[in-house]
Amino acid sequence: MEHPENSSEYAGLQVNSGVEQPSIINPYLKRNRVRRRELSAAEMVEGILRGDVTILSQAVTLIESVNPDHQAKAQEVIEKCLPYSGNAVRIGISGVPGAGKSTSIDEFGIHLLKEKGGKLAVLAIDPSSERTKGSILGDKTRMEKLAVHPDSFIRPSPSAGSLGGVARKTRETIILCEAAGFDKIFVETVGVGQSETACHSMVDFFLLIQVAGTGDELQGIKRGIMEISDGIVINKCDGDNVDRCQMAATNFRNALHFFPMPESGWSPKVLCYSGFYGTGVKEVWDMIYQYFDFVKANGYFEYRRNEQSKYWMYESINEHLRQNFYHNPLIREQLKVAEQTVLTGQKTSFVAAQHLLDLYYEQLTNRSL
């Protein structure tokens with residue numbers, strides 16, 4: 001197309017033809033993408049033992065899946081990795097929301113890797129929404145140093161409605177991480193407050209992070225979480241907040257005097273530190289390793305590990321019984337009927353539940369005959 005601007009009457013003005021616009025579709029994009037081959041259980045175990053974090057992540061995803069086929073494969077992977085586990089130091093970290101758990105883990109982890117070496121795995125549990133059932137899984141963004149460290153592995157997981165501050169599959173994930181060569185495991189719980197028994201039953205040391213201004217000695221006594229804590233640390237002890245943190249530490253020490261002596265024989269200590277500035281972190285780790293020396297000397301370390309194994313055996317039984325009950329075709333059919341009888345007031349909730357259980361037990365009895 002000839003441009004009128006190129007006419008002789010417009011001297012000194014010339015318009016060149018434009019270039020042809022490229023296609024919006026990437027010509028190098030393969031239309032038929034090659035689907036990644038699914039690894040077998042043996043290949044997954046081999047990759048985990050090799051320390052491949054990509055395969056480790058795939059195995060953790062497999063464990064968290066609710067697909068029955070995936071669960072069977074995941075159990076096979078766990079069983080083969082079990083002989084290579086148990087050699088890591090497991091530390092549970094909890095605290096109220098906003099106490100600085102993720103920031104503290106970043107500082108704790110970097111200090112530990114510098115002082116002790118080895119490899120660190122962080123299992124961060126994120127609360128799931130009651131409405132959408134989704135999770136942000138954004139704790140990794142607050143662990144800026146560990147996120148880029150070559151010897152660290154951070155795995156955020158949704159709580160998926162599990163109580164106790166940890167995900168249902170965290171225990172199995174610990175086994176895989178230990179088999180992959182991670183000799184230090186951090187389990188960061190959601191900030192749920194007073195019910196952390198699930199996390200306590202899978203770690204060797206339970207660290208409670210607190211902040212100043214959460215109450216006096218009476219509030220400290222009322223918190224059930226303090227009974228299971230092996231150490232209490234007051235975060236954000238910097239600037240104008242130092243005096244308040246020292247006062248809070250005194251209150252917590254006074255509250256601990258009202259609790260009976262723990263089975264381990266260890267008296268929990270209360271320390272102050274700043275996760276943001278990294279001050280007081282060394283003293284926290286000195287306390288943790290002092291605890292390990294103490295419980296290994298009196299035999300409580302192995303006793304606690306054995307008790308935890310028993311606890312999770314019973315928890316697994318409860319979980320499998322629950323799934324078997326709700327996946328039973330007869331129960332599925334009768335659940336809606338039972339709901340209507342409760343809503344219309346024909347039966348109480350307890351009578352309706354007992355009726356469903358009786359149907360379930362009767363069906364099991366008939367199968368065995």
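On the surface of this predicted model, M313, Y314, I317 and L321 form a nonpolar patch with about 410 Å² of accessible area together. Patches here are built from residues with over 30% relative accessible area and no salt bridge, joining like charges within 9 Å and nonpolar side chains (Val, Leu, Ile, Met, Phe, Trp, Tyr) within 5 Å. Accessible areas come from the Shrake-Rupley method with a 1.4 Å probe, and for residues only the protein chains shown count as cover. One member of the patch, Y314, sits in helix α11 (residues 300-326).

A few words on conventions may help. Residues are numbered from 1 along each chain as its sequence is written, and side-chain values use heavy atoms, with hydrogens and water left out. Because this is a predicted model, local features need pLDDT of at least 70 and side-chain atom pairs count only at pLDDT 80 or more, while totals for chains, interfaces and linings use all residues.

**The chain as a whole**

The protein chain has 13 helices and 7 strands; helices (H or I, at least four residues) and strands (E, at least two) are DSSP runs, numbered from the N terminus. Of its 369 residues, 41% are buried, where buried means under 20% relative accessible area, exposed over 50%, and partly exposed in between (1.4 Å probe, protein chains only). The chain exposes about 21,800 Å², and carbon and sulfur atoms supply 54% of that area. Taking contacts (heavy atoms within 4.5 Å) between residues at least 6 apart in sequence, 75% join residues at least 24 apart.

**Helix α10**

Helix α10 (residues 281-298) has 18 residues and reaches 26 Å from its first C-alpha to its last, close to the 26 Å expected at 1.5 Å a residue. That expected span is 1.5 Å times one less than the number of residues. Which residues of α10 are buried? They are V281, V284, W285, M287, I288, Y291, F292 and V295. Seen down the helix axis, these buried residues fall within an arc of 155°, so they line one face of α10; the arc is that of the directions from the axis to the C-beta atoms. The face turned away from the buried side carries the exposed residues D293 and A297. Just after α10, G299 takes a positive phi of about 85°.

**Salt bridges**

Side chains of opposite charge can pair when their charged atoms come close. A search of the whole structure finds 11 salt bridges, each a side-chain nitrogen of Lys or Arg within 4 Å of a carboxyl oxygen of Asp or Glu. Among them are these:

| Acid | Base | Closest N and O atoms |
|---|---|---|
| D52 | R50 | 3.6 Å |
| E178 | R90 | 2.7 Å |
| E307 | K310 | 3.2 Å |

E178 lies in helix α6 (residues 170-179) and R90 in strand β1 (residues 89-95), so their pair ties together parts that are 88 residues apart in sequence. Both E178 and R90 are buried, with R90 at 6% relative accessibility. Not counting residues up to four places away in sequence, R90 touches R171, I174, E178, I185, M202, V203, D204, F205, R305 and Q308.

K310 and E307 are 3 residues apart in helix α11, which separates them by about one helical turn. K310 is partly exposed at 43% relative accessibility, and E307 is partly exposed at 33%. As for the remaining pair in the table, D52 is partly exposed at 25%, whereas R50 is exposed at 53%.
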